[in-house]
Amino acid sequence: MPPSSTDASLGPMLWRQTWPMAIGVLALLGFQLVDSAFVARLGTAPLAAQSFTFPLTFLIIGVQVGLGIAIAALISRALGAGETARAKRLGSLVLMMGSVTIALLSFVLWWAQAPIFSRLGADAATQELIRDYWAPQLFAAWLGAVLYFIYSLFRAHGDTRLPGKMMVMTSLINLLLDPLFIFGVGPWAGLGLPGAAWATAIAFAGGLLLGVKRLRQNDWLARGGLRRELAGSARPFLGIAGPAMVSQLMPPLAAMLAVSVVASLGESSVAAWGLASRLEMLVLVVVLAMTMSLPPWLGRCYGAGDWTQVRQLVRLALRIVVAWQLALGMALALLAPWAAQLLAGSPDVRADLTVLIRFLLPSYAALGVCMLVVSAGNALGWPLRAMLMSTARLFLCYLPFLWLGASLGGLPGLATGAAFGNVLAGVAAWQLMRRMLSRREASARSEAKLLPRGRT
């Protein structure tokens, strides 16, 4: 990558890094939305039950993403330093330790399901529906986490195409299996809500088989020296993974609190909120892809001390995100009634979902700015600041205004408050990133001026 690249040359390079992940994430999130669309055909009660589980599923995803950020950072640095053997040891360690960590978390969430869902506002009938669904859903989440760790290994080695293809493959498998497992075919009765989880589990299992096979072919894993590597790498790994994981855990915690607020508005509102949450991730696909493709690139610039290019990359990515999300959000807001009709079966759920789409989706331009700033902060050696930014977005901007809006204006007020919180967080994130980059560039210029004097 040339150090003097301009925005004109950075654009195509950023596109080549991002589009495979964008297609993969689109497919992956698309099948989650398809899951909810199929479940919606079962009725409002099963959809509401599934919606109550989303915050806990996001909790697992938060842990796995935090570990994935540390994987990509350490392995890419090791490869950049020519330490191929160490990169292999790190890959093996993360796959083993990450799999065990997610398995333990899944067990705790299964064991404590009754008090958790009671606190979230689920009544006895809803908890009965959740009980049959929760075990296969946790199993699917564990398989998905292990698969995500494999994706992180490929991204750390500079391969974004294979993870994208694997995401598409698992999405297609899930799309084919969903109607069979949920509704059944011919004399074979469907499994209902648990069928959605089993379809996902089988899709992820197919992806795992392919991923493990390709890892062995590429010889990216090691068997020896793991204990010594663990002793030497645990501290730097936790230094990256800890703050990143906390940043990723804030959204599911906030989602739990948000669901408890929405639950006070009724079952149809909970069901609509669950669909809106799935739609949110799908609409943010470009942002999510950039949070995966941009950090390794920023990390290499950081290692080379090229802060001018860091600023160019960040500004270019933010401009793309704001323009894309604003245009997409406004278009979907105009098409809200038709989008809601496509996703929801109940008239009440459709009405509530229409309100959420109209108010929330345009604000995702600002939300995308905040997400990208947090991701860039982790890549540029500011994990604590990124964690604080993520925390402030949720607990100072988003949740207070969401609660205030719901208290004053019901569901429309809730949607308005959440949108205002997103905008406020986006503005604050951009101001923070601008100040951090300006200070770092000034420090780099000062060091460059002092360097010749030190040599004379």
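Q: Is Cys397 buried or exposed, and what is its relative accessible area?
A: This is a predicted model, in which local features need pLDDT of at least 70, side-chain atom pairs count only at pLDDT 80 or more, and totals for chains, interfaces and linings use all residues. Residues are numbered from 1 along each chain as its sequence is written, and side-chain values use heavy atoms, with hydrogens and water left out. Buried means under 20% relative accessible area, exposed over 50%, and partly exposed in between, with a 1.4 Å probe and protein chains only. Cys397 is buried, at a relative accessible area of 9%.

Q: How many disulfides does the structure hold?
A: A disulfide is a pair of cysteine sulfur atoms within 2.5 Å. The sulfur of Cys370 has its closest cysteine sulfur in Cys397, 7.7 Å away, which is too far for a bond. Cys370 is also buried, with a relative accessible area of 1%. The number of disulfides is zero.

Q: Which element of the protein chain has the highest mean pLDDT?
A: Let's start with the terms: pLDDT is the predictor's confidence in each residue, from 0 to 100, while helices (H or I, at least four residues) and strands (E, at least two) are DSSP runs, numbered from the N terminus. The chain has 15 helices and two strands, and its mean pLDDT is 82. Strand S2 (residues 188–189) has the lowest mean among the elements, 64, and the highest, 91, belongs to helix H7 (residues 193–218).

Q: Over which residues does pLDDT stay under 50?
A: In the protein chain, 86% of the residues reach 70 or more. The stretch under 50 has 13 contacts (heavy atoms within 4.5 Å) beyond four places in sequence. That stretch is residues 1–5.

Q: Which residues touch the most other members of the largest nonpolar core?
A: A nonpolar core is a set of buried Ala, Val, Leu, Ile, Met, Phe, Trp, Tyr and Cys residues joined through side-chain atoms within 4.5 Å. The largest one has 131 residues. One of its best-connected members touches Leu356, Leu360 and Leu414, among others, when residues up to four places away are not counted: this is Trp273. The full answer is Trp273, Leu298, Leu356 and Leu414.

Q: Which residues of helix H13 are buried?
A: Helix H13 (residues 347–360) has 14 residues and reaches 20 Å from its first C-alpha to its last. That is close to the expected 20 Å, where the expected span is 1.5 Å times one less than the number of residues. The buried ones are Val349, Asp352, Leu353, Thr354, Leu356, Ile357 and Leu360.

Q: How many of the 17 residues of H9 are buried?
A: Helix H9 (residues 267–283) reaches 24 Å from its first C-alpha to its last, close to the 24 Å expected. H9 is mostly covered. The count of buried residues is 13.

Q: What separates the C-alpha atoms of Tyr364 and Val283?
A: Tyr364 lies in helix H14 (residues 364–379) and counts as buried at 2% relative accessibility. Leaving out residues up to four places away, Tyr364 touches Glu280, Val283, Leu284, Gln325 and Asn422. Tyr364 and Val283 are 81 residues apart along the chain, yet their C-alpha atoms are separated by 8.4 Å.

Q: Which residues is Thr57 in contact with, leaving aside neighbours within four places in sequence?
A: Thr57 is found in helix H2 (residues 44–80). Thr57 is buried, with a relative accessible area of 12%. Its contacts are Trp134 and Gln137.
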